[in-house]
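Student: I have a chain in front of me and would like to work through its fold step by step. Could you help me read it carefully?

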Amino acid sequence: MAKVERIDQRVAQYLKNAGYEKWSRVYATVNRGRMMTSNIAECINGCLVEARELPIIDFLEQTRMLFGSWNCKNREIVSYTKHTLGRKFEDILVSNTIKCSRMKVVASSEYLYSVYELGIRYIVCLERKTCTCGRFQLDEIPCPHAIAVLKSKNITDLHPYYSDYYKPEALVVDYHMQ
C-alpha cells in the first residue's frame, strides 16, 4: 500500500474504502483460488456480441446455450483427467520442488521445522499446513519450504498437503449436471 500511496493517493484511499477483503487474497474471507480476473466477463461479452441485439428471451436462450456448451466441454475434459492435480497445479508443485533443492531443513518437533533459504529462516508447520512465507496457507498447496520439509522426511505423497479444490474429483463435481 505504501507504493500505491506514493503513486496515487486517490487509488490508495479507494482501495482502503473498498475493504482489503474484497481485493486482497490475504484478507479474503473465502478461498478465491489463485487469481481473480475479469477475463471471464470479457470472454462472455465477446461470445454474446450478436446475441445482444436479440429480444431478451432470445438473448437469455443464447446465453443458456453458451454456458451449457462450455459446461459440457469442461465436463468431458475433466472426465479424462487422471492426474492427482490439474495440470496447472501440478506445474506449480514441480516448480516448488525445483526451488527447494538448496534449502536446509532443521526439525523442531514432529510437525514444526525451520527451513533456511539464502540466509532467511522460514517456519513450516505441517500439522496446520502453514509457512511464514504465507504461500502454503494462502494457495493451499505446498510452498517450496514445505516441500523441502516433506522431502527431508522422505514423504513423496503430497496428496494430504494440498486442498481438495485442486483435485480432479472437485472439477468433476463442478461440471456434473443432474
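**Reading the model**

Tutor: Asparagine 96 touches Pro142, Cys143, Pro144 and Ile147, once residues up to four places away in sequence are set aside. Please keep in mind throughout that this is a predicted model.

Student: Is asparagine 96 buried or exposed, and in which helix does asparagine 96 lie?

Tutor: A residue counts as buried when its relative accessible area is under 20%, and asparagine 96 has a relative accessibility of 9%, so asparagine 96 is buried. As for its place in the chain, asparagine 96 belongs to helix α6.

Student: In what order do the strands of the open sheet stand?

Tutor: The sheet is an open one of four strands, and its pairing is antiparallel. β1 (104-107) and β4 stand at the edges with a single partner strand each, so one side of each has no neighbour in the sheet. Read across the sheet, the order is β1-β2-β3-β4.

Student: How many residues lie between β2 and β3 in their hairpin, and which residue of β3 is the bridge partner of serine 114?

Tutor: Strand β2 (residues 112-117) and strand β3 (residues 120-125) pair in the antiparallel sense over six bridges. The hairpin that they form has two residues between the strands, and leucine 118 in the turn has a positive phi of about 50°. The bridge partner of serine 114 in β3 is isoleucine 123.

Student: Which residue takes a positive phi in the hairpin of β3 and β4?

Tutor: β3 pairs with strand β4 (residues 130-131) in the antiparallel sense over two bridges, and valine 124 has cysteine 131 as its bridge partner in β4. The hairpin of β3 and β4 has four residues between the strands, and the residue with a positive phi, near 55°, is lysine 129.

Student: Which helix packs on the sheet, and how many of its residues are buried?

Tutor: The helix that packs on the sheet is α8 (residues 144-152), which touches β1, β2, β3 and β4 and whose direction makes about 115° with that of β2. The buried residues of α8 pack against α6 (87-99) and α7 (135-139) as well as against β1, β2, β3 and β4. Among the buried residues of α8 are Pro144 and Ile147, which are also touched by asparagine 96. Helix α8 is mostly covered, and the number of buried residues is seven of its nine.

Student: Why is the aromatic pair in this structure called tilted?

Tutor: The structure holds one aromatic pair. The ring centres of phenylalanine 67 and tryptophan 70 are 5.9 Å apart and their planes stand at 45°; planes under 30 degrees apart would count as stacked and those over 60 as edge-to-face, so the rest are tilted. Both residues lie in helix α5 (residues 56-79), three residues apart, which is about one turn of the helix. The value that makes the pair tilted is therefore the plane angle of 45°.

Student: How far apart in space are methionine 1 and alanine 12, C-alpha to C-alpha?

Tutor: Methionine 1 has its place in the segment before α1 (2-7), and with a relative accessible area of 31% methionine 1 is partly exposed. Leaving aside neighbours within four places in sequence, methionine 1 is in contact with Ala12, Leu15, Lys16, Tyr20 and Trp23. Although methionine 1 and alanine 12 are eleven residues apart in sequence, their C-alpha to C-alpha distance is 6.7 Å.

How values were computed. Residues are numbered from 1 along each chain as its sequence is written. This is a predicted model: local features need pLDDT of at least 70, side-chain atom pairs count only at pLDDT 80 or more; totals for chains, interfaces and linings use all residues. Side-chain values use heavy atoms; hydrogens and water are left out. Rings of Phe, Tyr and Trp (its six-membered ring) pair if their centres lie within 6.5 Å; planes under 30 degrees apart count as stacked, over 60 as edge-to-face and the rest as tilted. Two strands pair if DSSP finds at least two bridges between them. Contact means heavy atoms within 4.5 Å. Axes are lines fitted to C-alpha atoms, for helices over the stretch in contact, and angles run from 0 to 180 degrees between N-to-C directions. Buried means under 20% relative accessible area, exposed over 50%, partly exposed in between (1.4 Å probe, protein chains only).
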